[in-house]
Amino acid sequence: MRTPDIRRLFLDYFRERGHQLVPSSSLVPDDPTLLLTTAGMVQFKPYFLGESSPPKDRLVSLQKCVRTVDIDNIGTTDRHSTFFEMLGNFSFGDYGKAIAVPWAYEFLTDVLGLAPERLWATVYREDDEAVELWRRVGIPIERIQRLGVAENYWDTGGPGPCGPCSEIFYDRGPAYGREGGPAVDTDRYLEVWNLVFMRYLRGEGGDENTIPFVGDLPRPCLESGLGLERVAMVLQGVDTIHDIDVMAPVMARLGQLTGADVRAEGQRRPARIVVDHVRAAAFLLADGVLPSNEGRGYVLRRLLRRAIRHGQALGVDHPFLHDLAGTVVDQLGQVWPELTERRGLVEQAMGHEEDGFGRTLAQGARLLHTAIRRTREEAVRRSSTSTTPAQPVLSARPVLSGRTAFELHDTFGFPVDLTTEIAAEAGLVVDTDRFEALMDDQRRRAQRARGEARTQGDDRGRGQAYRTILDRTGATRFVGHDRLTEEGSIIGLVRDGTEVPAALEGEHVEVVLDRTPFYAESGGQVGDAGVIRTPDGSELRVVDTGLGAGGDLHVHRAEVVRGELRVGQSVHAVVDDDRRSATARSHSATHVLHAVLRDTLGDHARQHGSLVAPGRLRFDVTHFAPIESDALVRIQDEVNQRLLSDPEVRIWQASRAEAQEAGAIALFGETYGEVVRVVDIGNFSRELCGGTHVGHGSQAGPVRLVGETSVGSGVRRIEALTGIDALRYSDHERVLVEQIAALLGVPRSGEILRRLQGRLDALARAEGELADVRQRERAKLAERLAGKGRDAGGRWIVAERLDDPGVRDGHDVKQGEEIRALVDGVLAYCPSGRPGGAVLGMVRDGKAQLVLGINSAMEQLTAPARDLLRPAGRTIGGGAGGVGRIAHAGGREVNRLDQALAQAAHHLATSTRT
């Protein structure tokens with residue numbers, strides 16, 4: 001039975017039993033506690049918690065999921081996959097296990113035709129009711145196993161709904177493993193269905209044996225899920241999920257691309273990893289996730305980089321991920337149309353990541369393999385000379401330095417999990433404790449540099465105040481799409497995270513109204529400003545408007561400029577018309593820019609974030625190369641041409657399904673309800689949007705693109721001005737050109753470039769001559785310094801201050817780069833074959849500076865240059881940095897520079913490699 005038939009039969013079975021079909025949610029969940037959608041129940045979490053009501057008490061869905069907790073099992077077992085499709089039926093206070101258990105059994109045996117004698121069940125150890133239900137439907141007691149919390153108790157991994165679960169397993173036969181049921185062997189006994197009986201709320205903490213309960217769910221619920229790929233394995237009679245109908249063609253294509261026998265011993269595991277990871281990555285990219293170094297972007301990057309590495313293990317020497325991703329789209333694009341719609345983005349993103357990481361992998365792998373070789377050699381040497389280990393006792397295997405792993409990560413972008421994997425294949429274990437300690441140090445430094453953010457406690461308190469208001473009065477009604485003034489009432493006042501009954505003149509307060517014309521910041525558009533007045537003459541100046549209580553309340557951030565405000569007062573709210581109009585111009589211009597970018601760059605160019613503000617906009621677009629200046633000029637011209645054609649801006653509402661069928665674009669990271677607002681601009685732009693817009697394109701005024709930069713892998717940022725701000729910018733440029741012409745002494749602006757080029761050429765010649773002079777002076781200084789070299793136990797050492805006039809003899813060392821070049825010059829005079837090191841120091845701009853260098857012979861004997869210099873760096877009040885044979889340090893303790901130089905010289909003379 002093919003996967004399309006399994007999907008159809010499941011969904012039809014439960015629709016016939018009163019379930020409403022709900023579309024799959026994105027892999028990017030609308031839940032700040034989760035990185036990715038890992039289960040079919042994720043989109044229904046608010047229903048389980050009683051925070052909102054489901055459209056019906058019985059729902060059925062086909063949900064796409066990504067789960068990386070078992071990533072190390074991919075390719076090793078037959079059943080694990082990163083991406084999977086979960087067929088689920090859900091009950092919210094309707095039916096329970098007494099109905100769900102017979103339905104699951106009936107569907108597997110009567111509808112799909114699985115042999116009843118091959119079915120086993122597991123239940124939570126205390127769930128006598130589930131045991132009896134499975135026995136009644138036909139599974140004998142000897143094929144029902146009671147297991148503990150780790151196996152048969154379900155939760156989200158943190159605070160949230162939880163409850164006992166029961167699972168159905170299919171016995172694949174003795175060829176696949178040991179007898180004894182799923183408690184003994186989960187390869188032979190394949191889990192195909194999981195039923196979760198959610199009744200409780202879990203708190204923080206707990207372990208595999210205990211669950212910290214904090215209460216009951218508002219009403220008992222049930223989640224029941226069938227794993228599509230695993231059932232397909234059974235029904236199609238194949239050994240692994242990689243052999244089912246939607247995966248086998250991808251595996252075959254990989255064999256064609258690599259020339260490898262993807263089923264052969266030694267090739268099978270890397271081939272499975274590549275196919276699995278490319279499949280998961282394609283879905284993540286189609287849902288708007290892009291590779292990055294944090295969050296879900298890092299999950300995607302990790303998958304792609306593992307796929308690249310294992311592709312190389314199969315012998316791939318050319319880019320191949322985009323081709324393999326195309327086969328994934330061919331197999332699944334009909335079921336998941338977002339794959340087809342964003343095929344260009346998927347293929348380009350993979351190609352871009354593969355191109356970038358290919359260089360990183362080659363460079364990092366060379367350094368890693370050198371470190372592995374040295375670690376092995378050191379382990380052999382130690383074992384032959386001593387029985388006492390001098391390295392951390394992490395395992396019986398040799399230990400690769402955590403600092404090596406950190407430097408690979410920090411300097412070359414080489415992921416630590418990849419370092420760990422490669423080291424393990426070479427028989428080593430990485431000192432991950434040391435790695436994490438170094439990463440923590442780096443994070444703390446970054447935190448100090450950024451400054452402390454607002455405390456989470458304040459946010460939690462403010463959120464609770466909003467929820468209290470919402471529970472008491474209901475949601476704010478927004479009327480600002482139709483008008484800029486409105487009569488309303490104050491339903492809540494919040495100050496410093498706490499609800500207050502009144503606010504006095506001069507106080508800053510957050511005001512919640514029952515009705516408001518103020519647009520709250522969302523969808524990239526900034527919030528409105530304006531005034532709120534009461535009948536008794538009190539007045540508030542609103543500086544911004546945001547959302548609270550999950551988006552149900554409009555929160556007006558304001559200052560009481562006159563009188564006193566109290567909860568319950570009637571008010572007259574007035575939006576700043578000029579600010580709103582300028583913002584609307586920017587928003588309509590943003591939609592037109594989006595359309596032009598797609599037409600110019602390709603369909604992969606999708607919005608990945610934006611800022612819409614009065615007179616300006618910032619637009620992040622998925623694209624994998626800089627947008628050249630001539631292309632930006634064409635894009636700007638096309639945007640203005642379309643606006644000047646004065647297209648009508650038409651706004652209408654529809655169900656989300658109707659809007660998507662009509663071609664409306666939904667934006668990454670935005671949350672939409674069942675009824676959506678669609679904004680049409682002419683016949684070239686149709687987007688889902690809740691923001692404010694002009695009535696006709698010409699009202700947006702001119703658009704001036706003023707910047708294009710990279711803000712991450714595969715994302716470019718375009719900044720633009722709109723309306724009067726665009727005109728002012730052009731006037732400023734005209735005045736600037738006139739001033740430059742006057743400075744250069746040319747009568748016309750057309751001659752500026754010729755005259756300026758002449759001046760720049762002359763300057764370049766002068767700078768070249770000066771550089772030659774300084775290089776000759778530096779060579780003389782290096783020779784003088786080398787003449788002060790001394791012998792220290794067979795090592796040649798130079799340690800001198802450069803701010804001593806007798807040392808530099810007129811040559812003024814001005815820059816840190818010059819000091820480093822000087823160290824190299826000194827080391828060149830080291831007698832041939834001898835280990836040599838040089839450390840130079842000086843005080844410049846009130847700061848002590850040190851640069852230390854070692855030659856290749858010294859490198860074989862001592863610690864790395866950075867480690868040699870670190871104690872001296874601490875002496876002058878700083879640290880040490882650098883890579884390879886050159887290190888540098890700086891600090892404010894200038895009076896301790898001589899002491900630091902002596903320390904560094906001592907370490908050069910005595911340090912040995914450990």
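## A walk from Cys689 to a three-stranded sheet

Start by selecting Cys689: with 10% relative accessibility, this residue counts as buried, since the cut-off for buried is under 20%. Keep in mind as you click around that this is a predicted model.

Next, jump to Cys165. Is this residue buried or exposed? Cys165 is buried too, at a relative accessible area of just 3%. While you're there, show the cysteine sulfurs. Which one comes closest to the sulfur of Cys165? That would be the sulfur of Cys162, but the gap is 11 Å, so the two are too far apart for a bond. The cut-off for a disulfide is a sulfur pair within 2.5 Å. In case you want to hunt for disulfides elsewhere, a search of the whole structure turns up 0 of them.

Now for the sheet. Select β25, β26 and β27, which line up in that order as an open, antiparallel sheet of 3 strands. The edges are β25 (649–655) and β27 (685–688); each has a single partner strand, so one side of each has no neighbour in the sheet. Look along the strands for the twist: on average, neighbours are turned by 25° against each other, ignoring direction.

Zoom in on β26, residues 675–681. How many bridges join β26 to β27? There are 4, and the two strands run antiparallel. For one facing pair, pick Ile681, which stands opposite Ser685 in β27.

Last stop: add helix α17, residues 577–601. This helix lies across β26 and β27, and runs at about 115° to β27.

Technical notes
Residues numbered from 1 in each chain as written. Predicted model: local features only at pLDDT ≥ 70, side-chain atom pairs only at ≥ 80, totals over all residues. Heavy atoms only, no water. Buried < 20%, exposed > 50% of the residue type's maximum accessible area, 1.4 Å probe, protein only. Pairing = 2+ DSSP bridges. Axes fitted to C-alpha atoms, helices over the stretch in contact; angles between N-to-C directions. Contact = heavy atoms within 4.5 Å.
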